[in-house]
Each structure stands twice: as structure tokens, then as C-alpha cells.
Amino acid sequence: RRRILRDCEQERTRIKNARVKHKHSTQEMLGRAFQAGVFSLDRDRELEEATKKLEEPMPRPQAVADQRKPLEARPLERNIQLTAALAGDLMDELATAYGQKWFQERVRKCARDSGYERSVFLMRLKDVAFEVQKPVLEKWGFEGNEHGVREMTAAIREHAGKNGKEMPQWLKEKQDRCLELLYGGKEGGMLDILR
């Protein structure tokens, strides 16, 4: 009986020490978070300012603007034509790339960081998505840059017809699946906002 009481007392002491240690580490963690401004009331204002900055054209130094100007001003040149079957295969490959766990996690983080704000999310997603798009673009013969993304998109959209609603149902389903994964899936929180 004494041994049981002694063991119980030791266990109570161990639990009490663990609670004290947990409380101390939690206070320390929250203190650092407050110092870093994580729980600041200014976060909404910062998000609004970031949204405005992303929506406004960014002023660039003249040298950088001169280097990028040919890429931005370059009209879309259609060098690659895809049949509906090839467009479907391309979308399957993109869906596989977008379906990777690391990509889905980054898209969902991007959504959280953008406060589920449409314009902020799309600006951030552009760079994240390009990481998985580039190898697919190059494999299919498109340029591995923004122009290649635009050309690929145009090649796929070509199968939607002039009014955008003539895409065969099987191809439309592939496109919907591809976009769903691009936007972080149903769990990502952005799919309904972007549709």
C-alpha cells in the first residue's frame, strides 16, 4: 500500500512538472509570436495593402524593365497545335503534377497566406504553379517560360470553341479535374471562390 501511494505521488509530481514545463514553453512561444506581430490587429490592413500592391503594376528599375519588355510585349505565337486527344493527355500530365502532395500543401498554404482573397491567391499561385508546369511544358515542346504557359493554355482552349462551351464532355471533365488540383483541391478552400 505504501509503495502504491509513493508511486502515485511520484506520478503526480511528474505530471505537475510536465504541466509547468508545457505552460512555460507555451508562454515563451506565444511571447515570440506577439513580438513578431503574428497576432497583430494590423494584419488585415497589411493584407489589404499587399492586395493593392499586387494589383498595381510594380515600378521596376529601367534596366530590368528593358530586359523583360520583349517577353511581356511579345504577342502570342501559336507554334504547337494539339488534337483533342493530345490536349487530354497534356491535362492528365498536368493533373498528375498538380496532384503531388508537396504541391497541394504549398497551394493550400498559399491560400491561407493570401487570406483566401482571390486576386492575392492567383498572383502567388502563378509562381508556385510554374514550378510544376515548366517540366511538362518543355516535355510537350512549349517554351519553359510565361509565353509557353500562355501558348499551352491557348492550345487547350482551342478545343472549347469560339464561345468557350463547345469542348467535348470528356475533355471538359479532364480540364475541371486539372483546375481543381491546381487550386488545391476541394479541401484547399479556393475552388469555390475561383469558379
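**Close-up views of an all-helix model**

Along the sequence, the protein reads α-α-α-α-α-α-α-α-α. The model is predicted.

**View 1. The overall fold has nine helices and zero strands.** Of the protein's 195 residues, 28% count as buried. Among contacts with a separation of 6 or more, 67% join residues 24 or more positions apart.

**View 2. Helix H4 packs with helix H8.** H4 covers residues 84-98 and H8 covers residues 169-182. Their axes lie 9 Å apart, at an angle of about 20 degrees. Angles under 35 degrees count as roughly parallel, so H4 is roughly parallel to H8. The crossing of H4 past H8 is left-handed.

**View 3. Side by side, H4 and H8 share a contact.** H4 contributes Ala84, Ala85, Ala87, Gly88, Met91, Asp92, Leu94, Ala95 and Tyr98. H8 contributes Trp170, Leu171, Lys174, Gln175, Cys178, Leu181 and Leu182. By class, the residues of this contact are 12 nonpolar, two polar and two charged.

**View 4. The largest nonpolar core holds 35 residues.** Which residues touch the most other members? They are Leu82, Leu90, Tyr98, Phe103, Phe121 and Phe142. The elements giving two or more residues to this core are H4, H5 (101-113), H6 (118-139), H7 (146-157) and H8. Tyr98 belongs to this core and is also part of the H4 contact with H8.

**View 5. Phe142 and its contacts beyond four places in sequence.** Phe142 is among the core residues that touch the most other members. With neighbours within four places in sequence left aside, Phe142 contacts Ile80, Leu82, Leu90, Leu137, Gly148, Glu151, Met152 and Ala155.

Technical notes: Residues numbered from 1 in each chain as written. Predicted model: local features only at pLDDT ≥ 70, side-chain atom pairs only at ≥ 80, totals over all residues. Heavy atoms only, no water. Axes fitted to C-alpha atoms, helices over the stretch in contact; angles between N-to-C directions. Helix = DSSP H or I, 4+ residues; strand = E, 2+ residues; numbered from the N terminus. Parallel < 35°, antiparallel > 145°, perpendicular 65-115°, else oblique. Left-handed = near helix turned anticlockwise from the far one by under 90°. Contact = heavy atoms within 4.5 Å. Nonpolar A, V, L, I, M, F, W, Y, C, P; charged D, E, K, R; others polar. Core = buried A, V, L, I, M, F, W, Y, C linked by side-chain atoms within 4.5 Å. Buried < 20%, exposed > 50% of the residue type's maximum accessible area, 1.4 Å probe, protein only.
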